[in-house]
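I opened this notebook to keep track of what I looked up, in the order in which I looked it up. The structure itself goes in first.

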Amino acid sequence: MAAWGLGVARVDGDIDMASILIIDDEEDIRDALQMVLESAGYEVKVASNGNEAIELQREEPAQLVITDIIMPEKDGVRTIKEMRQESPGLRIIAISGGGGVEPLAYKPGAITTTAYLAAAKEVGADRAFTKPFDRKDLIQAVDDLLGKLH
Amino acid sequence: MAGKLNTLAARVILIGLAIHAVLLPLLFYGLLYIVKQSHEERFVNDVRKYSRFLADYFEFEGTVSNRMRAVRLLDSAVLGSDGVYAELIEGDTLLRSGLLPDDSAGIYEEDFAFGQHGDHIYFLSIPLDIPDRQVSLRMGFDELPTIEQVKLARQRLAIVLFLYLIVSIIALVFLSTRMTRPLRALQTASRNIAKGQHSDHLQVDSQITEIRELATDLESMRSELVGVNASLLQEIAEREAADKRREVLESKLRQVQKLETVGVLAGGIAHEFNNILVPIFLYTEQALHDLPAESPVHAQLDRVLKSSNRAKSLVQQILTFSHQSGNPEHEPVDVRPIVEEALELLRALIPSTVDLHQDLAAVDCIVLADRNQIHQLVMNLCSNAYQALDETGGSISVVLDRCAVDEQFCRDHPQLRAGGYVRLSIHDTGHGISRNSLDRIFEPFYTTRAVGKGTGLGLSVVHGIAVSHSGDITVESEPGKGTTFRVYLPEKSPTMR
């Protein structure tokens, strides 16, 4: 963590420690997000599915949740809905575009990634990203939602 | 020959001739007998009456005694008739007409019928009623003139009957031909029917009831045959058309299913690929951020990003093809300005050897769509058209219009529903597409171009866009002449806006 000293210093500057919970069933993505956000100065926790994340959030609430949409066990949309009910002030970013996609019906109006993201926004996500996304855009969104000036 | 004689006409003629052969001789000899009888009877009556008349003269008192007078009377009897003989005989005394040759005297036998004794002379002897004397008047008449008359009558009768025979034969030939003509017409007609030419009406006018009825029966048979034939032909045609339609539909369905399968597969891969791209982007960008500005590794990481972006755009295209990207909330857009904008861009890109025609006269081409995807659709189709043209150039024409799609068209294009559509047609005069390729051109990564020229995704993306807009795309191509793509997008009626 010492290597990311600059980031830690910024977190230290806040009264409440700004912490982020990342939910994704893919370890590579979790790790990459964690690395990027920690280097940006945030405290990051990870969960590999919705249930685990909700439990973690009850024990030690984070200010921002970044969640994948399509996941096994509990999908992102339901996770967002439940978390939003428990903590109305929570900031949420939804990301989608990969992982375990079920065969989508080949017809007009089929549920697409965009449709999932739209549903996520509907139930309370503040921002939505399609994979792959820019590091800068992500940090920008996180900073905006947590009220920080970058 | 036997065949000729077995025809109805020949039979009629032969029977006619046979009847004549029997009847004509009977008629001839019958008539001749009557004529002969009447001639002979008249001759016999005449000579007997004449002789009786003469006898009356001689019986007159004193005529026989006056020799001179008697001879003169005999003379005039010979002169006044066909007489060849006239004499009075009393015992041995013979008193003859002086006009008779001497050698005609003496030998005679009395005739009681015409032509008796074969001497051509009709003799008769009449005893004179003179008191106290035994005197007879004997007369002979020439039979030859009467025989000549009978001969003449016979000749004339023969001529008349012969003429009658000729007229009869002519009449027979004429009648038999005339009678069999309608039969021959029927025969020709029925042969035509047998040969399969059964569309002509059977017209036989005959006053003969049997023939007329036969013609009527044959005609009703023919018309029934025509009816059955026509309905059979129609049934066959309908069945063939249905088979053909089913084949077309089946092949279309197979293509759709194939594209669907490929789409699902490609979509799944694309999603996985996006997941893989996330850490690649994030780590690379983080590394670029953390590296000192002067580090030579910057350039290398930039190349990683560049390649990753190419991968990202490829995945995006695959998702478009498999309808797994884009905005599900389509908004009403006018297609015309989008097409115009795309064409303006294309004009700058394609060389001047290519003529780019446009006919965008249609107004209010409103469809529910994603503006960007429609733009991409036009660009992809036009690039495809341009690449179909060889180096010598050619022309591309883009037509935008509105059309009504009917049930018939929907049957061949199961993706469409009857109603109003906006149609975008893009035609090129390029090398065309072969029959085999036509079935596959919408498959992703199917390309006929050289490796490195195009990804093989352009038309797949176009197909994906058309279908995700509840539309369809058709393609017609003739190798060497060109290709026409037509995109159908359901029109949003102004009242629904």
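The entries below go from confidence to chain A and then to chain B.

**Entry 1, confidence.** I noted at the outset that this is a predicted model. I looked up its overall scores and found an ipTM of 0.80 and a pTM of 0.53. For chain B I read an average pLDDT of 84, with 94% of the residues scoring at least 70.

**Entry 2, strand β1 of chain A.** I began with β1(A), residues 19–23, and found it mostly covered, since 4 of its 5 residues are buried. I then followed the chain from β1(A) through helix α2 (residues 27–39) of chain A to β2(A), and recorded this β-α-β crossover as right-handed. Looking at the pairing, I found that β1(A) and β2(A), which spans residues 43–47, are parallel and share 5 bridges, and that I23(A) stands opposite A47(A) of β2(A). I also found β1(A) joined by 4 bridges to β3(A), residues 64–68, again in the parallel sense; here I20(A) has L64(A) as its bridge partner.

**Entry 3, helix α6 of chain A.** Which residues of α6(A) are buried? In this helix, residues 135–145, I listed R135(A), L138(A), I139(A) and V142(A). Seen down the helix axis, the buried residues of α6(A) fall within an arc of 95°, so they line one face. The face turned away from that buried side carries the exposed residues K136(A) and D137(A). I next asked what covers the buried residues, and the cover includes β1, α2, β3 and β5 (127–130) of chain A together with α5 (209–290) of chain B. Just after α6(A), I noted that G147(A) takes a positive phi of about 70°.

**Entry 4, a sheet in chain B.** I traced an open sheet of 5 strands in the order β6-β8-β9-β11-β10, with mixed pairing. β6 (354–359) and β10 (472–478) of chain B stand at the edges with a single partner strand each, so one side of each is left without a neighbour in the sheet. From one strand to the next, the twist averages 15°. Within the sheet I looked at β8(B), residues 394–405, and β9(B), residues 419–428, which run antiparallel and are joined by 10 bridges; V399(B) has S425(B) as its bridge partner in β9(B).

**Entry 5, helices on that sheet.** I found helix α7 (residues 335–349) of chain B packed on the sheet, touching β6, β8 and β9 of chain B, with its direction at about 175° to that of β8(B). Helix α8 (residues 371–388) of chain B also packs on the sheet, where it touches β6, β8, β9 and β11 (482–490) of chain B, and its direction makes about 30° with that of β9(B).

Key
Residues numbered from 1 in each chain as written. Chains lettered and ligands numbered in written order. Predicted model: local features only at pLDDT ≥ 70, side-chain atom pairs only at ≥ 80, totals over all residues. Buried ≥ 20, exposed ≤ 12 C-beta atoms within 10 Å, placed from the backbone. Pairing = 2+ DSSP bridges. Right-handed = clockwise from strand over helix to strand, strands pointing away. Axes fitted to C-alpha atoms, helices over the stretch in contact; angles between N-to-C directions. Contact = placed C-beta atoms within 7 Å. pLDDT = per-residue confidence, 0-100. Arc of directions from axis to C-beta.
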